[in-house]
Amino acid sequence: MFQETLFFLSESTTARRLVTRAPISRQLAERFVAGETLDEAVAVARTCNEHGLSVSLDYLGEEVTRREEVEHAVEMAIRTLDRIAEEGLNANISLKPTQFGLTIDEALCRDSVERVLVRARELGDREDEIFVRLDMESAEYTERTVALVEALWEAGHRNVGTVLQSCLYRTPDDLRRLMRLGSRIRLVKGAYREPPTVAYPDKKDVDRRFLDQTRLLLREGNYPAIATHDVEMINATRRFAFEHGISKDSFEFQMLYGVRRDLQHRLREEGYRVRVYIPFGEQWYPYLMRRLAERPANLFFITGSILKESPVPWLARPMAIGAGAVAGALMALTWKRRS
Ligand code: FDA
């Protein structure tokens, strides 16, 4: 129920207005978002690199409806690539097709992504162009995103790939399509609320598919990214790679900024490649809501620790009231919608 609430809220504009204005929400966001500016994201990326972790920088934004917003997204992606090159970061970028105009006009989206790919190629060296990952959004966009990657490969771009979600029934077909192409795939369980007509409702089924698809990618994929914080999935991946003589540098684990940092470091120390996904920017609301929906306990855990960490004891009580108000408002909004 609470998870449903958070999923619903991630799509609600009223809730977005309410939550983004509340100071406590910004503190919640800080746990999962590197900051609102590129400078802040670069600082976090540098620290990750110093610890042997590569990164993927994501300028937040999605479902844009105006061409100016698409232009802004292109400019920010190019600025991010330029900073990666200037600072010599071990980094690539992730972007969302609907931030690049997928819902406005597919040709606009393709042209905009191509501009980014061209810049990424210019900045990298021939062996190692900067890679651009198209995040996978809700199932409504899956076909268009996979088709976009195919079209970009056909046009000669090799530094682009996307993400497949094990929760979707269609994923085995998409895996075949993208593996035939040779593009890199990031495998995830799936972060969007999907109906049972398109996705497995039971988590056990999703986990089983995730493992099968991981094994297929390890055997036959092109430098796959296994993106999960699930220790069971991670251990099974390590076991399978070991038993089949798959080298540690032929795939990477990916995890989100702010989630299971202990595990990120442990895997790195064991010699695995680990990439941290670092979101930044002002449009953090839907991203934050998806992170909370994945693990509703986060909301209570984080508000609790914000209160504990509060440097001014007399501030703790108003902050607790603020946190309670945000949580209460969230619940009320959903209840209103349901009733
Ligand atoms: P699962 O949800 O089973 O969680 C396993 C354990 O991980 C939990 O018990 C908890 O300990 C920890 N954990 C998981 N999520 C947490 C959270 N938010 N906060 C704290 N702890 C948490 N999805 C998508 O649809 N399209 C995409 O493009 C991407 N991209 C992407 C990139 C990267 C690098 C990652 C790691 C994930 C994504 N995702 C995604 C999100 C993905 O689909 C999925 O929702 C989350 O990774 C959570 O699922 P897990 O595989 O971690 O397992």
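**Strand S2 and the nonpolar core**

Strand S1 (residues 54–59) and strand S2 run parallel and are joined by four bridges. The model described here is predicted. Within this pairing, Asp58 stands opposite Ser94 of S2. Between the two strands the chain passes through helix H5, and the resulting β-α-β crossover from S1 to S2 is right-handed.

S2 also pairs with strand S3 (residues 132–134), through three bridges and again in a parallel arrangement. Here Ile93 stands opposite Val132 of S3.

S2 itself spans residues 91–95 and is mostly covered, with five of its five residues buried. Ala91, Ile93 and Leu95 point one way from the strand, whereas Asn92 and Ser94 point the other way. Residues on both sides of S2 are thus found to be buried.

Ile93 has contacts with several parts of the chain. Setting aside residues up to four places away in sequence, Ile93 touches Ser56, Leu57, Ala77, Thr80, Leu81, Ile84, Val116, Phe131, Val132 and Arg133.

In soluble globular proteins, nonpolar side chains tend to be buried together. The largest nonpolar core of the model holds 73 residues, and the members that touch the most other members are Leu57, Ile93, Phe100, Val116 and Ile278. The element that gives the most to this core is helix H5 (residues 67–87), which supplies seven residues. A second core, separate from the largest one, consists of 15 residues, among them Val259, Tyr285, Tyr287 and Leu299.

Methods. Residues are numbered from 1 along each chain as its sequence is written. This is a predicted model: local features need pLDDT of at least 70, side-chain atom pairs count only at pLDDT 80 or more; totals for chains, interfaces and linings use all residues. Side-chain values use heavy atoms; hydrogens and water are left out. A nonpolar core is a set of buried Ala, Val, Leu, Ile, Met, Phe, Trp, Tyr and Cys residues joined through side-chain atoms within 4.5 Å. Buried means under 20% relative accessible area, exposed over 50%, partly exposed in between (1.4 Å probe, protein chains only). Contact means heavy atoms within 4.5 Å. Two strands pair if DSSP finds at least two bridges between them. A crossover is right-handed if, with the strands pointing away from the viewer, the path from the first strand over the helix to the second runs clockwise.
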